[in-house]
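Work through the exercises below with the sequence and the model open. Each task is followed by its solution in steps.

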Amino acid sequence: MCGIVGYVGPQDAAPILLEGLGRLEYRGYDSAGLALSAKGGLKVRKVSGRVADLAADLPARFKGAPGIGHTRWATHGEPSETNAHPQLDTAGRIAVVHNGIIENADELRAKLTADGVEFASQTDTEVVAHLVAAAFAAGAGDLEQAVRQALRQVVGAYGLAVLDAEHPDRIVVARNGSPVLLGVGEKEMFVASDVAALIGYTRQVVYLDDGELATITAGGYRTYTLDDRSTAKSPSTIDWDVVGAEIGDHAHYLIKEIQEQPRTIERALKGRIDERFATAHLGGLNLTVREAREIRRVKILGCGTACYAGELGAQLIEDLARVPATAEAASEFRYRNPVVEPDTLYVAVSQSGETIDTLAAVQELQRKGGRVIGIVNVVGSTIARQVDGGIYLHAGPEMSVAATKSFTSTVAAFALLALHLGRIRDLSPEQGRRIIAGLLALPGQVAQILEQEDAIAEVARGIATSNSMLFVGRRRGWPVAREGAQKLKEISYVHAEAYPSAELKHGPLALVSPEMPTVAIVPDDDLLDKNTSTLSEIKARKGPVIAIAHRELPDLADRTLVIPRSEPELDPILLSIPLQILAYHAAVALGRDVDKPRNLAKSVTVE
Ligand code: F6R
C-alpha cells in the first residue's frame with residue numbers, strides 16, 4: 001500500500017527520499033513522486049511506474065530540502081502521473097503526500113469547486129492541499145495552524161505530510177488511522193509511514209498516535225493535537241538492521257525469507273523456554289497466572305496467512321491447554337456485532353501490525369471490554385501499541401508481500417502460548433518437555449528441508465503449467481493446506497483451492513482428473529489411514545498427487561516430498577516449508593513478479 005517518506009536537514013533530500021521509497025517498494029504501489037523545497041519554490045517530479053523510473057527521471061539540478069516522497073497504491077483515480085502524490089494546491093505552494101482514504105472528499109471537492117478551485121487530479125488527497133491553501137487565504141498564521149484548520153474539515157483515515165514553499169524549514173505531518181512515525185537524527189529529522197524507510201538513517205523513532213500532528217525541523221520535533229495541545233513524546237529504539245532488510249545475493253526477498261526460517265524460529269523461541277518447569281515465559285502477555293487460569297476460551301483474529309496461522313494456534317491451544325479455541329478472519333468478525341465475553345482471551349495476529357481489519361477488530365473488542373493480546377512482528381506498530389499485551393515474533397523485516405517466515409514464527413509463538421496455558425492447567429511436565437524438545441529441534445529440521453530446495457523446485461516446474469490445483473489436509477494439515485493454496489495462488493497466479501480431505505467426497509472430487517493435481521498433507525500420525533484412503537480416491541480418478549509426508553508413499557502419490565518428523569502438534573511448521581518453496585519456484589518458472597504480486601500490498605491499511 002502507499003508509502004510516505006520525508007526529510008528535513010542539511011543534506012540534499014532527493015537521494016534520501018529515493019532510498020526510503022525504495023525500501024517501501026515491498027508494500028506494493030503503482031506510481032511514485034517527490035517534492036522538494038528549493039530556491040524559487042517547490043520542485044515536484046512524479047511518475048506512473050517504479051521508484052527506479054522516478055530516479056531516472058530526475059533532472060541533475062533536482063536538489064533541495066526539506067522534501068517529501070510517496071509511493072501510491074491507487075484508490076481514488078487510476079494509477080497515473082497526475083494522480084501520483086505529492087498533490088499540490090493551485091498556486092503550487094503546498095505539497096501533500098497521503099496514505100488512507102478521505103471519506104468526505106466528494107463533499108469537500110464540491111465545496112472547493114464552488115469557491116472557484118480547479119482540481120487537477122481525481123485524488124482525494126488533492127482536497128487537503130487546497131484546504132491548507134484556503135486556510136492560509138483565510139488568515140492562518142503558520143503552517144501548523146493551516147494544516148489543523150484543514151484537517152478539522154476532513155473525515156476519514158490519513159497519514160500525511162505537508163510541505164509549504166513559504167515555510168521551507170519544516171514539514172508538518174498528521175496521523176488518523178494510518179501510521180506515521182518520525183525518525184530522529186543528528187541535526188536532521190525524518191518522517192515515514194513504515195519503519196523500513198528509515199533503516200540505515202536512524203534507529204530513534206517516535207510513533208504518532210491517532211489524532212496527533214507533528215512539526216519536524218532540522219533541530220527536532222514537536223507533537224500536538226488538532227486543538228494544539230502539546231503531547232510530549234520521547235523516541236524509542238528500533239532493533240532492525242540494514243542487513244535484515246537487504247536482499248543480498250538472493251534472487252528475491254521471498255526465497256531469502258524462506259531460507260531465514262531456521263534463525264527466525266530460533267529468535268521466536270529465544271529466552272522464552274523454561275526447561276526447569278517445562279514451560280514458556282511470555283513476560284509481554286501482561287497476564288498474571290491467576291488471570292491466565294481464569295481464561296475459559298480463546299478467540300484468535302487475523303487476516304489471510306495470519307488467520308491460517310491462528311487456526312493452527314487454536315488447535316495447539318486446545319491440544320495442549322484443553323481450552324476451547326477458534327480462529328476467525330478479523331475482516332468478518334469486526335462486522336458481525338460479536339459477543340464479547342470477559343473470560344475469553346482474544347489474540348490478534350498480524351505481521352505488520354497495521355492491517356486495518358485486524359486493528360478494527362481489536363478496537364471493537366476493547367470497546368466492549370475484551371482483553372486482547374497481540375502476536376505481531378513489527379515492533380511499535382499500531383496493533384502492537386493498541387493491545388493489552390503480547391508476543392513479538394522478532395522475525396526481522398519481512399519485505400516480500402507473501403508472508404513466510406512470519407507464518408512459521410507465529411505458529412511457534414502459539415506453541416509457546418499453548419505450552420504456557422497448558423502448564424498452568426493439566427499439561428504434565430513430561431508433555432511439556434516433549435513439546436520443548438520438539439520446539440528446540442525445529443530450526444535444524446527446517447534447515448534439512450531447505451536442503452531439498454532443488455528437488456522441490458523440479459516438482460514446482462511440473463505443476464506450474466496446471467490451470468488449477470487442489471490442496472487437501474486433515475485436522476492440523478487443513479490450515480497447512482489452506483496456507484499452501486494461498487501461497488501458490490498469490491505469487492504464481494495458478495488457481496488453487498484448499499479442502500479438508502474428508503470434504504472431497506462432498507463435492508470437489510468431481511473436479512479430480514489427470515489435469516488437476518492435488519497436493520496432499522499426509523503426516524505420519526493417527527490419521528494416516530484416513531489420509532491414505534483419500535489419496536486412493538484421488539488416484540482412482542487418475543488425479544496426479546504430490547504428497548508432503550514423513551515417508552515415501554509409492555503407490556499413492558506420484559511424488560512424495562519427505563520431511564523430518566516433529567511432535568505431532570508441531571508438524572504443521574515443517575509441513576508448510578515445502579509448500580512455500582513449491583509456490584516460490586512455480587512463480588519463478590512462470591516469470592512472475594515474485595516479491596510484488598499483482599494487485600496485492602504488503603500491509604492492507606485501507607478497507
Ligand atoms: C499472504 C499475506 C496476507 C497477510 C494478511 C495479513 O501471504 O501476506 O494474507 O497475511 O494481509 O497481514 P498482517 O499479518 O500484516 O496483518
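**Exercise 1. Find what share of the chain is buried, and check its overall dimensions against a compact globule.**

Solution. In this predicted model, 61% of the 607 residues in the chain are buried, where buried means under 20% relative accessible area. Next, take the radius of gyration: a compact globule of 607 residues would have a value near 25 Å, and the chain has 26 Å, so the two agree. Finally, the C-alpha trace spans about 80 × 55 × 40 Å along its principal axes.

**Exercise 2. Divide the chain into domains and state how far apart the centres of domain 1 and domain 3 lie.**

Solution. The assignment gives domain 1 (3–238), domain 2 (247–443) and domain 3 (452–593). Over C-alpha atoms, the centres of domain 1 and domain 3 are separated by 46 Å.

**Exercise 3. Test whether the length of helix α19 fits its residue count, then describe its surroundings.**

Solution. Helix α19 covers residues 571–589, which is 19 residues. At 1.5 Å a residue the expected span is 27 Å; the end C-alpha atoms lie 28 Å apart, which agrees. Of the 19 residues, 17 are buried, so α19 is largely enclosed by the rest of the structure. Just after α19, Gly591 has a positive phi of about 70°.

**Exercise 4. Characterise the largest pocket and its lining.**

Solution. Start with the volume, about 570 Å³. The lining has 27 residues, and Cys303, Gly304, Thr305, Lys602 and Val604 lie nearest the centre of the pocket. By type, the lining residues are twelve nonpolar, eleven polar and four charged. Elements that each supply at least two of them include α10 (305–321), β19 (344–350) and α17 (477–492).

Methods. Residues numbered from 1 in each chain as written. Predicted model: local features only at pLDDT ≥ 70, side-chain atom pairs only at ≥ 80, totals over all residues. Heavy atoms only, no water. Domains from an automatic or database assignment. 1 Å grid on protein atoms, 1.4 Å probe; cavity = no way out; pocket = protein on both sides within 12 Å on 5 of 7 lines; lining within 4 Å. Points joined across faces, edges and corners; volume = space filled by probe spheres on them. Helix = DSSP H or I, 4+ residues; strand = E, 2+ residues; numbered from the N terminus. Nonpolar A, V, L, I, M, F, W, Y, C, P; charged D, E, K, R; others polar. Expected span 1.5 Å × (residues − 1). Buried < 20%, exposed > 50% of the residue type's maximum accessible area, 1.4 Å probe, protein only. Rg over C-alpha atoms; globule rule 2.2 N^0.38 Å.
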